[in-house]
Amino acid sequence: MPRNLEPLDLGIQIPYHFRCPISLELMQDPVTVCTGQTYDRASIESWVSIGNNTTCPVTRAPLSDFTLIPNHTLRRLIQEWCVANRSNGVERIPTPKQPADPTSVRALLSQASATSGTHVSVRSRAAALRRLRGFARDSDKNRVLIAAHNATAVLIMILFSETTSSELVSESLALLVMLPITEPNQLVSISSDPGRVEFLTRLLFDSSIETRVNAAALIEIVTTGTKSEDPKGTFSNYESVFEGVLDLLRNPISSRRALKIGIKALFSLCSAKQTRHLAINAGAPEILIDRLAADFDRCDTE
C-alpha cells in the first residue's frame with residue numbers, strides 16, 4: 001500500500017478529491033493542467049516524462065500546453081484536513097517549493113550579469129546569484145533549466161572578470177559547480193588560459209572553506225571534461241594547485257564533501273602523466289595514507 005494511504009488503516013477515509021487521479025495518493029503539491037484537471041505535481045511530471053505529453057490522464061483531452069498552475073485553494077484544504085486528523089496519525093504535508101520558471105531564470109541571469117544601470121550593484125547581482133543557487137539546490141530539473149539558458153557562459157564571464165568582487169566570485173563559483181558544463185569550448189577556455197588557472201589556484205587558498213572547496217570542484221570538472229592532456233598540462237605549471245587541493249584533505253575540519261571533492265580533483269589532475277610527480281612532491285601519498293587510516297568509510301576508500 002502506498003505510503004500516503006497508511007492512515008486508511010486507522011479507519012480514516014481520505015476525501016476523493018484530495019487524491020491524485022494518477023497515484024491515488026494524498027496530493028502534496030496539487031497543480032492544475034490546461035484541461036482543468038488537478039494532479040499531484042510529481043505524478044503529472046512523471047506521466048509526461050515517460051512520453052505521455054499529449055493527453056490528459058483523466059479526460060484524455062489534448063494537452064495544448066504543459067503549464068502547471070498551483071492549486072493553492074485545494075492545498076490549503078488538504079492542509080486543514082491533515083491538521084484536523086493529526087490525532088489519528090495523519091502528518092501535515094510540507095509546503096511545496098515552487099520550481100523555477102524560464103522567465104524568472106532569464107531575469108535573474110540578466111540581473112546577475114548586469115554591470116551598469118540605475119539599480120545595479122554588487123548586492124543586487126549577488127542576490128540574483130543566490131536566488132538561482134536556491135533554485136539549483138532544489139532539484140535536477142531546475143539545474144537543467146538554468147543551464148539551458150546559457151548560465152554556465154554567464155557565470156564563467158562573471159567569475160573571471162577582472163572587476164568582479166569577492167562576493168560575486170564566491171556566489172558565481174558556487175552556482176557554476178552545481179550545473180552541467182557540456183560545452184567543450186567552455187572547459188578549454190578555463191584550462192588553457194594561464195590567467196584563469198592561476199586565479200583558480202589562488203581561490204584554493206581563500207579564507208572561505210566553501211570557496212576553496214568549490215574551486216577544487218571546478219578544477220575537477222574542467223580537467224575531467226577535457227579530453228586532451230595538453231590543457232590538463234597547464235595545471236602542471238602550478239605546483240600550488242596540488243598544495244591547495246591536498247590542503248583540503250589535510251585540514252582536520254574539512255567536511256565530507258570537501259574530502260570527496262579533494263580526492264576527485266587530485267585523481268583528475270593525476271590523469272595527466274606529466275603532473276603526477278607534482279602530487280608526490282606535494283605529499284599526496286602520505287596524506288592519502290593518513291586519511292585511509294583515519295576516517296574514510298568504504299565508499300571513500302574505493
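In the predicted model, Val105, Leu108, Leu109 and Ala112 of helix H3 are buried. These residues lie on the same side of H3, because the arc they cover around the axis is only 100°. H3 itself runs from residue 102 to residue 113. Its 12 residues reach 16 Å from the first C-alpha to the last, close to the 16 Å expected at 1.5 Å a residue. Three helices pack against the buried residues of H3, namely H4 (122-138), H5 (140-148) and H6 (151-159).

The packing of H3 with H4 can be described in further detail. The axes of H3 and H4 are 7 Å apart, and the two helices pack at an angle of about 145°. The crossing of this pair is left-handed. On the H3 side, the residues that meet H4 are Val105, Leu108, Leu109, Gln111, Ala112 and Ser113. Their counterparts in H4 are Ser124, Arg125, Ala128, Leu129, Arg131, Leu132 and Phe135.

Arg133 is also located in H4. Arg133 counts as buried because its relative accessibility is 13%, and the cut-off for burial is under 20%. The side chain of Arg133 makes a polar contact with that of Glu171, at 3.3 Å. When residues up to four places away in sequence are not counted, Arg133 touches Glu171, Ala174, Leu175, Met178 and Glu210. Glu171 is thus named both in the polar contact and among the residues touched by Arg133.

The loop between H5 and H6 contains Asn150. Phi of Asn150 is near 60°, a positive value in a residue other than glycine. With a relative accessibility of 46%, Asn150 counts as partly exposed. Ala153 follows in helix H6 and is likewise partly exposed, its relative accessible area being 27%. Ala153 and Ile181 are separated by 28 residues in sequence, and their C-alpha atoms are 9.0 Å apart in space.

A positive phi also occurs at Leu24, where the value is near 65° and the residue is again one other than glycine. Leu24 is placed in the segment before strand S1. Its relative accessible area of 48% makes Leu24 partly exposed.

Strand S1 (30-32) and strand S2 (38-40) are included in what covers the buried residues of helix H2. H2 comprises residues 72-84. The 13 residues of H2 reach 18 Å between the first and last C-alpha, close to the 18 Å expected at 1.5 Å a residue. Within H2, the buried residues are Leu74, Arg75, Ile78, Gln79, Trp81 and Cys82. They are on the same side of H2, because they cover an arc of only 165° around the axis. Glu80 and Ala84 are exposed on the other side of H2.

A further helix pair is formed by H10 (residues 209-225) and H13 (residues 256-269), whose axes come within 8 Å and cross at roughly 35°. This crossing is left-handed. The H10 residues that meet H13 are Val213, Asn214, Ala216, Ala217, Ile219, Glu220, Thr223 and Thr224. In H13, the residues met are Arg257, Ala258, Ile261, Lys264, Ala265, Ser268 and Leu269.

Ala279 is situated in helix H14, which spans residues 276-281. Ala279 counts as buried because its relative accessibility is 3%. The C-alpha atoms of Ala279 and Phe242 are separated by 5.9 Å, although the two residues are 37 residues apart along the chain. Phe242 is one of the residues that Ala279 touches, residues up to four places away in sequence not being counted. The others are Leu246, Leu266, Cys270, Ala284 and Pro285.

Over the whole protein, there are 16 helices and three strands. Of the 302 residues, 45% are buried. Among contacts between residues at least 6 apart in sequence, 60% join residues at least 24 apart.

Notes
Residues are numbered from 1 along each chain as its sequence is written. This is a predicted model: local features need pLDDT of at least 70, side-chain atom pairs count only at pLDDT 80 or more; totals for chains, interfaces and linings use all residues. Side-chain values use heavy atoms; hydrogens and water are left out. Helices (H or I, at least four residues) and strands (E, at least two) are DSSP runs, numbered from the N terminus. The expected span of a helix is 1.5 Å times one less than its number of residues. Buried means under 20% relative accessible area, exposed over 50%, partly exposed in between (1.4 Å probe, protein chains only). The arc is that of the directions from the helix axis to the C-beta atoms. Contact means heavy atoms within 4.5 Å. A polar contact is a pair of N or O atoms within 3.5 Å; within protein, one must be able to donate a hydrogen and the other to accept it, and residues adjacent in sequence count only if both atoms are side-chain atoms. Axes are lines fitted to C-alpha atoms, for helices over the stretch in contact, and angles run from 0 to 180 degrees between N-to-C directions. A crossing is left-handed if the near helix is turned anticlockwise from the far one by less than a right angle, and right-handed if clockwise.
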